[in-house]
Amino acid sequence: MSDNNKLLIGEALPLSFQHLLAMFVGTIVPPILIAGAIGASIEQRITLIQSALFVSAIATFIQLFPLPLFKKYKLGSGLPMMMGMSYVFLGLTVAVAKDQGLPVLFGSLLVASIIGVFMGFYVDRIKKIFTPLISGVLVICMGIGLYPSAVKNFASGIKPENYGDPKNIFVGLLVVFIIAILNKIGRGMIKNAAIVIGMIVGYIVAIPLGMVDFSSIAEAGWLAIPKPMAYGIEFDTGIIITFTIAYAISIISLLGCGTVTTFGAYGRPLKGEEIANSTIAMGVGSVISSLFGSIPMAGLTQNAAIISINKKTQKVIFVLASLMVLVTSISPKIASCLISIPNSVIGGGTLVIFGMITISGMGLLNRVGDNEYSKLIAGISIAISIGITYNPTMFLKFSPTIQTLIGKSSLISGVIIALILQELYRLIDSFNSKKKVIQENI
């Protein structure tokens, strides 16, 4: 269905809620981890979560409704993309929050994000390196790298000591099978909203099993608007440099998400202007995010995977989803309702979504063609990335910068290896071509 096909509000609402659920978990995980790293109070934890949701809604609106800037550039691509926390920064930000504190974290992110805005005006000049090979490697590494968190949620209850409880695994599997079955036998809205239906059924089943904690709902207030610069701003040159490098990698992540969206929904690659405009919008969204005490923005591949499944791209879906996120961000009471979803339900839903992310990456690699050298690059890069995912301590004897940049983000390591190998192969091909021309002219 194209964007021009009208969609009734009654049809759009469950699709929008599905996007809310898909992005909600990924959006609240970073602030929860940062709060844990600094030993935050309950109030700080709620504030960090609210800020993350608030800026995600604002960044999505910026992406959905392009504003002309100058020449060919716009603030926003107009693509049906949900924006949220960038997992490229996750390990880095948790480490900096723990070691340096929130003022240094958000101050350094602010400078890196401002630099990121200017990157957007030049990214289309270097788009030749953002090949389907690089995008495919990135999306696959992102999907597989998220499996451990999904499985951990899958086996978790509302208390740490409940980890691995059979009822947790039962509920998680129930969610997975409901989603899979509805995608097979469902029609229309039932099939399109399979993920949200599966999670709702899982939630209902979890209540009599004692897996839902309603205490946070009762204690939460109804209204609280996030405040800018609530934690102060400080700067660290070394951390700024590290974050700037990570930001360059996150641009590839954004383009990977955009490519999944355009191929999945429209059967085409990203256009040049979409690359530049979406990157500029991500930069501005990340600046706002830093000011409100949250990590940089990214296009959410799990939501792009949903688009690939249901092919629904009408703007009303994403406007409604963003409004839901915005309302949730200013109402601790509503946010607490979503926070009450059991981990195993979240794990079941996200396991399906992360699996679709991985499959989307494989689809990108298939567009490279039957090229043995591209397959070798992809295989090496993915192997290194996943290897680091399960052995994060292998860089303990390296410098703190390397530990933070690579050891804390296997995604970055995989993409860097792929970029290096791609460039080396290009140089070898160029050298061989010139050598052949010289030999022919002798």
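Helices and strands here are DSSP runs, with at least four residues for a helix and at least two for a strand, numbered from the N terminus. With that settled, K71 is easy to place: this residue sits in the loop between β1 (67-68) and β2 (74-75). Keep in mind throughout that this is a predicted model.

## Loops and backbone angles

K71 has a positive phi, near 50°, and K71 is a residue other than glycine. At a relative accessible area of 82%, K71 is exposed, because that value is over the 50% cut-off.

M229 is another case to look at. Its phi is positive as well, about 50°, although M229 is not a glycine. You'll find M229 in the loop between α10 (215-219) and α11 (237-266). Its relative accessibility is 48%, so M229 counts as partly exposed.

There is also G293, which follows α12 and has a positive phi near 80°.

D165 belongs to the loop between α6 (147-154) and α7 (166-185). Its relative accessibility of 24% makes D165 partly exposed. Across that stretch, D165 and A155 are 10 residues apart in sequence, with their C-alpha atoms 6.8 Å apart in space.

## Two covered helices

Helix α5 (residues 132-145) is mostly covered, with 12 of its 14 residues buried. The buried residues of α5 include L133, I134, V137, L138 and I140, along with S135, G136, C141 and G143. As for length, 14 residues at 1.5 Å a residue should span 20 Å, and the end C-alpha atoms of α5 are 19 Å apart, which agrees.

Helix α12 (residues 272-291) tells a similar story. It has 20 residues and reaches 29 Å from its first C-alpha to its last, close to the 28 Å expected at 1.5 Å a residue. Of those 20 residues, 15 are buried, so α12 is largely enclosed by the rest of the structure.

## Buried residues and what they touch

Here are three buried residues side by side.

| Residue | Relative accessible area | State |
|---|---|---|
| S16 | 0% | buried |
| I240 | 14% | buried |
| T262 | 0% | buried |

Start with S16, which is part of helix α1 (residues 9-38). What does the side chain of S16 reach at 2.7 Å? The partner is the backbone oxygen of I317. Setting aside neighbours within four places in sequence, S16 is in contact with V316, I317, L320, A321 and M324.

I240 lies in helix α11. Not counting residues up to four places away in sequence, I240 touches S108, V111, A112 and F235. I240 and L110 are 130 residues apart in sequence, yet their C-alpha atoms are 8.8 Å apart in space.

T262 is in helix α11 too. Once neighbours within four places in sequence are left aside, the contacts of T262 are L79, G267, R268, P269, L270 and E274.

## On the surface

On α7, think greasy side chains: I169, L173, F177, I181 and I185 make a nonpolar surface patch of about 460 Å². One of these residues, L173, is placed in helix α7. L173 has a relative accessible area of 37%, which means it is partly exposed.

## The salt bridge

How many salt bridges turn up in a search of the whole structure? The search finds 1. In that salt bridge, the side chains of E423 and R426 meet, with an N to O distance of 2.6 Å. Side chains of opposite charge can pair when their charged atoms come close.

The two partners are both in helix α19 (residues 410-441), 3 residues apart, about one turn of the helix. An α-helix has 3.6 residues a turn, so residues three or four places apart point the same way. E423 is partly exposed, with a relative accessible area of 32%. R426 is partly exposed as well, at 43%.

Technical notes
Residues numbered from 1 in each chain as written. Predicted model: local features only at pLDDT ≥ 70, side-chain atom pairs only at ≥ 80, totals over all residues. Heavy atoms only, no water. Buried < 20%, exposed > 50% of the residue type's maximum accessible area, 1.4 Å probe, protein only. Polar contact = N/O pair within 3.5 Å; in protein donor to acceptor, adjacent residues only side chain to side chain. Contact = heavy atoms within 4.5 Å. Patch = residues over 30% accessible without salt bridge, like charges linked within 9 Å, V, L, I, M, F, W, Y side chains within 5 Å. Areas by Shrake-Rupley, 256 points an atom, 1.4 Å probe, with all protein chains shown as cover. Salt bridge = Lys/Arg side-chain N within 4 Å of Asp/Glu carboxyl O. Expected span 1.5 Å × (residues − 1).
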